[in-house]
Amino acid sequence: IFIDARQYATSFARNVSIHSNTLGPTGYDPDSGGALASILLTGYIENVKIYNNILYSALSNSANDPSQVTTNYNIYFIPSEIPDKRMLGWGSKTYNAGQLANFQLDIGQELQGKEINPDVVDIANFDFRLKSTSPAIDAGANLASIFTLPSLFKDIDGIIRPQSSTYDIGAYEYPSGGTPTCTENWTCSAWSACTSGTQTRTCTD
């Protein structure tokens, strides 16, 4: 997510809401040699709110006035195989993996944020649904008290959120019945008669 309002000092990105996303590990910037940020804010911005996201790469706030950004209830996790350990950038300060407590103390934000493995189903295959053991479940902010939400607020799979009294963090809400799984169980009809060297049958799973 890239918000760049640098072109004109009189042009602002105002009243921006960033919530309920899962931002997977990013690629690398060939110019700097570092990982690209999951969220990058720069320039003239006002009233940016960042809540209930899972970030596998950095949140970088290099806005002209970093205090215009409010961030809380996010989960940060830099996988061990990613060499760039920058996790939070705030103005001129940088906080690496393992330094969330320093960020909280210095900046006074992300006080309910966590630095922890969000425990998704299969990150290697980009399945970012939450396992039943995920610390993201019932750990988010009450988004309805912060943002204007649709009357039926749903996750990326169409599941109504929240499923309990508290919102989950990330793009996926853990369903009340658990994450659905599929077991391969094919049933096929008999082969049709051979017509012009071709046979067909119908299979369902």
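Which residue forms a salt bridge with Asp127? The first close-up answers that, and the views after it move on to other salt bridges, the sheets and the nonpolar cores of this predicted model.

**View 1. Asp127 and Arg129 are joined by a salt bridge.** The partner of Asp127 is Arg129, and the closest N and O atoms of the two are 2.7 Å apart. Look at how much of each residue is open to the surface: Asp127 counts as buried, at 18% relative accessibility, whereas Arg129 is partly exposed, with a relative accessible area of 22%. The cut-off for buried is under 20%. The model has four salt bridges in total, and two others appear in the views that follow.

**View 2. Glu46 meets Arg14 in a salt bridge between two strands.** Here the N to O distance is 2.8 Å. Glu46 belongs to strand 5 (residues 45-51) and Arg14 to strand 2 (residues 13-19), so that distant parts of the chain, 32 residues apart, are linked by this pair. Glu46 is partly exposed, with a relative accessible area of 27%. Arg14 is also partly exposed, at 46% relative accessibility.

**View 3. A salt bridge between Lys131 and Asp119 brings two loops into the picture.** The side chains of Lys131 and Asp119 meet with an N to O distance of 3.5 Å. Lys131 sits in the loop between strand 14 (127-130) and strand 15 (187-188), while Asp119 sits in the loop between strand 12 (114-115) and strand 13 (120-122), so the pair ties together parts that are 12 residues apart in sequence. Buried or partly exposed: what is each partner? Lys131 is partly exposed, with a relative accessible area of 35%, and Asp119 counts as buried at 19%.

**View 4. Strands 2, 5 and 8 make an open sheet.** The order in this three-stranded sheet is 2-5-8, and the pairing is parallel. Strand 2 and strand 8 (69-72) stand at the edges with a single partner strand each, so one side of each has no neighbour in the sheet. From one strand to the next, the twist averages 5 degrees. Six bridges pair strand 2 with strand 5 in the parallel sense. To find your way along this pairing, start from Val16, which stands opposite Val48 in strand 5.

**View 5. A second open sheet holds four strands.** Its order is 3-6-9-12, again with parallel pairing. The edges are taken by strand 3 (22-23) and strand 12; each has a single partner strand, so one side of each is left without a neighbour in the sheet. Within the sheet, strand 6 (residues 54-55) and strand 9 (residues 75-76) run parallel and are joined by two bridges. Leu55 has Tyr76 in strand 9 as its bridge partner.

**View 6. Leu41 and Ile45 have the most contacts inside the largest nonpolar core.** This core has 24 residues. Elements giving two or more residues to the core include strand 1 (2-5), strand 4 (39-43), strand 7 (59-63), strand 10 (86-90) and helix 1 (100-107). Which residues does Ile45 touch, leaving aside its neighbours within four places in sequence? Ile45 is in contact with Ile3, Ala5, Phe12, Ala13, Asn61, Ala63, Gln68 and Val69. Nonpolar side chains tend to be buried together in soluble globular proteins.

**View 7. Another nonpolar core lies apart from the largest one.** This core has 12 residues, among them Ile75, Val120, Ala171 and Tyr174.

Methods. Residues are numbered from 1 along each chain as its sequence is written. This is a predicted model: local features need pLDDT of at least 70, side-chain atom pairs count only at pLDDT 80 or more; totals for chains, interfaces and linings use all residues. Side-chain values use heavy atoms; hydrogens and water are left out. Buried means under 20% relative accessible area, exposed over 50%, partly exposed in between (1.4 Å probe, protein chains only). Two strands pair if DSSP finds at least two bridges between them. Axes are lines fitted to C-alpha atoms, for helices over the stretch in contact, and angles run from 0 to 180 degrees between N-to-C directions. A nonpolar core is a set of buried Ala, Val, Leu, Ile, Met, Phe, Trp, Tyr and Cys residues joined through side-chain atoms within 4.5 Å. Contact means heavy atoms within 4.5 Å.
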